[in-house]
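User: I'd like to go through this structure and ask where some of the labels come from. Can you show it to me?

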Amino acid sequence: MGDWFQTIVDVEATSEEAEALAAEVREWLVGSGVAAPERTPCVLDAELGHPPGPRAAEVADASGWSPDWPGSWSGGVSVLTGRTVFDGGQGDPTAVSCPHCSASVVLVDDCFELLDAAWAPFREVVHGWAEGRDVVLACPSCARPVAPAAWRWEDDYFAFGHLGFTFWNWPPLRPGFVSDLTARLHGHRVVLLDGKL
Ligand SMILES: [Zn+2]
């Protein structure tokens, strides 16, 4: 059994905005009882995170989960700022589409092996983001330039951003909670990504 995570990524916050937004949302998570105020080693992508708070069970759909969730060993919430490629953790990205014309580029063959020719330019986009470079590609269909964070990845496999909130081994977050959190990000577009380690 692996560890499951859900990450709400703000794909529009700039590196300058990220810290202040992170602090606002952190305060709201703690203030509303979703996350506990103390920080402990309860997350897998940072040294410390916030354990679930007294009202955590209200924001996640725990039907089908262990009835004692959240227990004392439950995973917590990490708040990550800084330029990051957030990814789904396992397998390969299967397709990506243009935010302007919605044309889709298939990245894998029938056996889910990456197609080198299709993937190569996008690999540059992904690696570029991780290395601090913005690789802007022209859409293969409409030829308009697409900024790295604007591509729409199939199944939200990747999200590029400077701010993410990861919930470790929580039951599926309720859509209402995701919208409430999103509302605190000043109307930015968010991507909810999940995956397994
Ligand atoms: Zn296009």
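Analyst: Here come some questions about labels, each answered with its cut-off. This is a predicted model, where local features need pLDDT of at least 70, side-chain atom pairs count only at pLDDT 80 or more, and totals for chains, interfaces and linings use all residues. Residues are numbered from 1 along each chain as its sequence is written, and side-chain values use heavy atoms, with hydrogens and water left out.

User: Which residues coordinate the zinc ion, and what makes an atom a donor?

Analyst: The zinc ion is held by the SG atoms of Cys98, Cys101, Cys139 and Cys142, at 2.3 Å. Donors are N, O and S atoms within 2.8 Å of the metal (3.2 Å for Na, K and Ca), and since water is not among the atoms, sites may look incomplete. Along the sequence, the donor residues follow the spacing C-x2-C-x37-C-x2-C.

User: Why is the arrangement around the zinc ion called tetrahedral?

Analyst: Four donors get that name if all angles lie between 85 and 135 degrees. Around the zinc ion the four donor atoms subtend 102 to 114°, so the arrangement is tetrahedral. For comparison, the ideal angle for four tetrahedral donors is 109.5 degrees.

User: How do you know whether Cys98 is buried or exposed? And what about Cys101?

Analyst: Look at relative accessible area: buried means under 20%, exposed over 50%, and partly exposed is in between (1.4 Å probe, protein chains only). Cys98 comes out at 2%, so it counts as buried. Cys101 has 29%, so it is partly exposed.

User: What makes β4, β3 and β7 a sheet, and which strands are its edges?

Analyst: Strands are DSSP runs of E with at least two residues, helices are runs of H or I with at least four, and both are numbered from the N terminus. Two strands pair if DSSP finds at least two bridges between them. Strand β3 (residues 95–97) and β4 have three bridges, in the antiparallel sense; in one of them, Ser97 partners Ser104 of β4. The three strands form an open sheet in the order β4-β3-β7, with antiparallel pairing. β4 (104–106) and β7 (152–153) are the edge strands, because each pairs on one side only.

User: What makes a group of residues a nonpolar core?

Analyst: It's a set of buried Ala, Val, Leu, Ile, Met, Phe, Trp, Tyr and Cys residues joined through side-chain atoms within 4.5 Å. The largest one here has 25 residues, and Leu29, Leu163, Phe165, Phe167, Trp170, Phe177 and Leu181 touch the most other members. At least two residues each come from α1 (15–31), β2 (77–87), β8 (158–168) and α3 (175–183), with α1 giving the largest share, six residues. A second, separate core has 19 residues, including Val146, Tyr157, Phe158 and Phe160.

User: Where is His50, and how do you know whether it is buried or exposed?

Analyst: His50 sits in the loop between α1 and β2. Its relative accessibility is 4%, so His50 counts as buried. The His50 side chain also reaches the backbone oxygen of Pro37 at 3.5 Å.

User: What is unusual to look at in Ser102 and Ala143, and are they buried or exposed?

Analyst: Ser102, in the loop between β3 and β4, has a positive phi of about 65° although it isn't a glycine. Ala143, in the loop between β5 (137–138) and β6 (145–146), has a positive phi too, near 70°. Ser102 has a relative accessible area of 54%, so it is exposed. Ala143 is at 54%, so that residue is exposed.

Conventions. Four donors count as tetrahedral if all angles lie between 85 and 135 degrees; four count as square planar and six as octahedral if opposite donors are over 155 degrees apart and all others between 65 and 115; anything else is irregular. A polar contact is a pair of N or O atoms within 3.5 Å; within protein, one must be able to donate a hydrogen and the other to accept it, and residues adjacent in sequence count only if both atoms are side-chain atoms.
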